[in-house]
Amino acid sequence: MDVGGEVRRRYGAIAARALQRSRREGGAAVQVSLGCGDPVSLAGLGPGNVVLDLGSGGGRDCLLAARRVAPGGRVYGLDMTEEMIALAARNLKGTAGVELVRGEIERIPLRDGTVDVVISNCVINLSVDKGRVLAEAFRVLAPGGRLAACDIVTRGDIPAGIRAGVGRWVGCLGGALEEREYARALAGAGFERIQVEVTHLYRAREVLGFLEEKGWDIGSMVPHVDRKWGSASIMAVKPAL
Ligand SMILES: C[S@@+](CC[C@H](N)C(=O)[O-])C[C@H]1O[C@@H](n2cnc3c(N)ncnc32)[C@H](O)[C@@H]1O
């Protein structure tokens with residue numbers, strides 16, 4: 001299965017619908033928030049910071065970050081979907097200090113050591129090469145720079161069939177890393193002072209409720225799904241020289 005292509009199509013379609021709506025409604029910006037937390041608050045941004053948002057989507061976190069890094073800061077919003085970049089451009093019109101860049105988080109089109117803070121909101125779980133994404137985040141960060149991300153993680157073992165099934169129904173859950181595996185992947189990329197803090201564990205009905213509404217009997221799946229997926233706040237630091 002072409003996972004990257006599927007992700008691109010899914011988010012391209014979401015952005016295209018939002019763009020159509022905003023055009024139909026006479027140009028009002030349509031904010032699409034597809035995140036699972038608040039990386040901007042987590043990041044502790046300040047004036048002058050250079051920030052990179054991995055998978056910036058409709059641009060909400062870029063907007064919030066731009067307010068915090070002014071004056072003198074800069075925010076790069078990186079997304080692979082042309083439609084998301086177009087939507088973010090519309091939403092961010094008139095916002096100073098933001099540059100939207102089309103590209104992949106596995107190949108970040110920025111130079112080494114040029115970013116103070118990498119933020120990301122519910123995107124890294126979608127990548128089929130998370131090790132590479134974290135290595136790329138590490139590369140573009142300046143020494144002493146930090147990663148502040150919100151993402152989906154899993155807790156404990158989940159049978160492969162359940163994971164694959166849930167992933168098919170709710171795209172962002174299928175590829176989520178187990179919380180300790182996430183910490184190990186960050187360490188593998190070179191980060192230190194790593195924190196992976198689960199902020200909310202999803203109850204089975206939060207994940208599968210829509211199947212129940214369609215008349216499915218989800219009873220046998222509940223124990224395998226209940227409190228197995230969660231949102232997490234993730235912090236890690238690139239060692240100073
Ligand atoms: C769940 S949405 C989150 C968007 C945004 N961060 C938010 O909080 O609303 C995922 C976004 O990541 C983008 N994306 C997914 N995989 C990507 C990749 N490998 N490289 C660049 N962008 C990617 C998608 O196009 C989409 O805009």
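In which helix is Val40 found? Val40 belongs to helix α2, which covers residues 39-43. The model described here is predicted, and this report moves from the chain as a whole to its core, its helices, the ligand shell and its unusual backbone angles.

**Overall architecture**

The chain contains 10 helices and 8 strands. Its C-alpha trace spans about 55 × 50 × 30 Å along the principal axes. For 241 residues, a compact globule would have a radius of gyration near 18 Å, and the chain, at 18 Å, agrees with that expectation. Of the 241 residues, 41% count as buried. Contacts that are distant in sequence are well represented: among those between residues at least 6 apart in sequence, 73% join residues at least 24 apart.

**Val40 and the nonpolar core**

Val40 is buried, because 27 other C-beta atoms lie within 10 Å and the cut-off for burial is 20 or more. Apart from neighbours within four places in sequence, Val40 is in contact with Leu45, Asp61, Leu64, Ala65, Arg68 and Ile119. One of these partners, Ile119, is 79 residues away from Val40 in sequence, yet the two C-alpha atoms are 7.0 Å apart in space.

Ala65 is in contact with Val40 in turn, and also with Leu45, Val51, Asp53, Val75 and Ile119, when residues up to four places away in sequence are not counted. The largest nonpolar core has 68 residues, and those touching the most other members are Val51, Ala65, Val118, Ile119 and Ala137. Strand β5 supplies the largest share of this core, with 7 residues. In soluble globular proteins, nonpolar side chains tend to be buried together.

**Buried faces of the helices**

Which residues of helix α4 are buried? In this helix, residues 82-91, they are Met84, Ile85, Leu87, Ala88 and Asn91. Viewed down the axis of α4, these buried residues fall within an arc of 165°, so they line one face of the helix. An α-helix has 3.6 residues a turn, so residues three or four places apart point the same way.

Helix α8 has Tyr182, Ala185, Leu186 and Ala189 as buried residues. Their arc, seen down the helix axis, is 100°, so they too line one face of α8. On the other side of α8, Arg180 and Gly188 are exposed. The buried residues of α8 pack against α5, β5, β6, β7 and β8, the last of these being residues 229-237.

In helix α5, residues 130-140, the buried residues are Lys130, Val133, Leu134, Glu136, Ala137, Phe138 and Val140. The elements covering them include β1 (50-54), β4 (115-121), β5 (141-154), β6 (177-178) and α8 (179-189). Ala137 is also among the residues of the largest nonpolar core that touch the most other members.

**The ligand shell**

Around the ligand there are 24 residues, of which Gly35, Gly55, Gly57, Met80 and Asn121 come nearest. The elements giving two or more residues to this shell are α1 (3-24) and α3 (60-69). By character, the shell divides into 10 nonpolar, 9 polar and 5 charged residues.

**Backbone angles**

Most residues other than glycine have a negative phi, and most peptide bonds are trans. The table lists residues of this chain with positive phi.

| Residue | Phi |
|---|---|
| Cys122 | about 65° |
| Arg193 | near 50° |
| Gly190 | near 110° |

Cys122 is found in the loop between β4 and α5. Cys122 counts as buried, because it has 20 C-beta neighbours inside 10 Å. Arg193 is placed in strand β7, residues 192-201, and counts as exposed, because it has 11 C-beta neighbours inside 10 Å. Neither Cys122 nor Arg193 is a glycine. Gly190, by contrast, is a glycine and follows helix α8.

Where does a cis peptide bond occur? The bond from Ala70 to Pro71 is cis, with omega near -5°. Pro71 is found in the loop between α3 and β2, the strand of residues 74-79.

Methods
Residues are numbered from 1 along each chain as its sequence is written. This is a predicted model: local features need pLDDT of at least 70, side-chain atom pairs count only at pLDDT 80 or more; totals for chains, interfaces and linings use all residues. A residue is near a molecule or strand if its C-beta atom, placed from the backbone, lies within 6 Å of it. Helices (H or I, at least four residues) and strands (E, at least two) are DSSP runs, numbered from the N terminus. Ala, Val, Leu, Ile, Met, Phe, Trp, Tyr, Cys and Pro count as nonpolar, Asp, Glu, Lys and Arg as charged, and the others, Gly among them, as polar. A residue is buried if 20 or more other C-beta atoms lie within 10 Å of its own, exposed if 12 or fewer, and partly exposed in between; C-beta atoms are placed from the backbone. Two residues are in contact if their C-beta atoms, placed from the backbone, lie within 7 Å. A nonpolar core is a set of buried Ala, Val, Leu, Ile, Met, Phe, Trp, Tyr and Cys residues joined through C-beta atoms within 7 Å. The arc is that of the directions from the helix axis to the C-beta atoms. The radius of gyration is taken over C-alpha atoms; the globule rule is 2.2 Å times the number of residues to the power 0.38.
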